[in-house]
Amino acid sequence: VMTLKIINATFPNSWYNLSSSSKNNKLDWSEGINNYSITIPDGSYDINELTEQIKTLINDANSGAITYTFTYNEITNKLTITSNSAIVMMIVVEDF
């Protein structure tokens, strides 16, 4: 073989956008006096998969005491989180 010509190639995304090695998969928050923490499993998430994963983990962590709704706006690229409670949710983001 003297030459090789590649007609078509696909290079899939082979790294995770959330992972423990990147230190970007933990979320800490408070509901009143109760503190919670979740770890999102390593993975490559789109926004819908990520919001469903976070919603499930949060509801499991707080036993569904307060339920959260996630609304993603594709135009503004913003995620709005609302709850069925007047308790303020504080998300703690640590430097990494």
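A polar contact, as I use the term today, is a pair of N or O atoms within 3.5 Å, where within protein one must be able to donate a hydrogen and the other to accept it. I will come back to that for one serine. The model on the screen is a predicted one.

Start with the overall layout. The chain has one helix and five strands. Going along the sequence, the order is β-β-α-β-β-β. There are 96 residues in the chain, and buried ones make up 22% of them. The exposed surface comes to about 7,600 Å², with carbon and sulfur atoms supplying 54% of that area. As for contacts with a separation of 6 or more, 39% of them join residues that are 24 or more positions apart.

Now the inside. In soluble globular proteins, nonpolar side chains tend to be buried together. Here, the largest nonpolar core has 13 residues. Those with the most contacts inside this core are Leu 27, Trp 29, Ile 38, Ile 40, Ile 54, Ile 58 and Tyr 68. Which elements give two or more residues to the core? They are strand β1, residues 26-31, strand β2, residues 34-39, helix α1, residues 47-61, and strand β3. The helix α1 gives the most, with three residues.

Trp 29 comes up again when we look at rings. The structure holds one aromatic pair. The partners are Trp 29 and Tyr 36, with 5.3 Å from centre to centre and 25° between the planes. The pair counts as stacked because the planes are under 30 degrees apart. Trp 29 and Tyr 36 are both buried.

Next, the serine I mentioned. Ser 30 sits in strand β1. Is Ser 30 buried or exposed? Its relative accessible area is 11%, and the limit for buried is under 20%, so Ser 30 is buried. The side chain of Ser 30 makes a polar contact with the side chain of Asn 35, at 2.6 Å.

On to the hairpin of β3 and β4. Strand β3 covers residues 68-73 and strand β4 covers residues 78-83; the two pair in the antiparallel sense over six bridges. Tyr 68, one of the core residues with the most contacts, has Ser 83 in β4 as its bridge partner. Asn 73 has Lys 78 in β4 as its bridge partner. Four residues lie between the strands of this hairpin, and Asn 77 takes a positive phi near 65°.

That brings me to backbone angles. Most residues other than glycine have a negative phi, and most peptide bonds are trans. Besides Asn 77, with its positive phi, I have two residues to show.

Lys 23 is not a glycine, yet has a positive phi of about 55°. Lys 23 lies in the segment before β1. With a relative accessibility of 61%, Lys 23 is over the 50% limit and therefore counts as exposed.

Ser 63 is also a residue other than glycine, and its phi is positive, near 55°. Where is Ser 63 placed? Ser 63 is in the loop between α1 and β3. The relative accessible area of Ser 63 is 70%, so Ser 63 is exposed as well.

To close, two serines to keep apart when you look at the model: Ser 30 in strand β1 is buried, whereas Ser 63 in the loop between α1 and β3 is exposed.

Technical notes
Residues numbered from 1 in each chain as written. Predicted model: local features only at pLDDT ≥ 70, side-chain atom pairs only at ≥ 80, totals over all residues. Heavy atoms only, no water. Pairing = 2+ DSSP bridges. Core = buried A, V, L, I, M, F, W, Y, C linked by side-chain atoms within 4.5 Å. Buried < 20%, exposed > 50% of the residue type's maximum accessible area, 1.4 Å probe, protein only. Phe/Tyr/Trp six-rings, centres within 6.5 Å; stacked < 30°, edge-to-face > 60°. Contact = heavy atoms within 4.5 Å. Areas by Shrake-Rupley, 256 points an atom, 1.4 Å probe, with all protein chains shown as cover.
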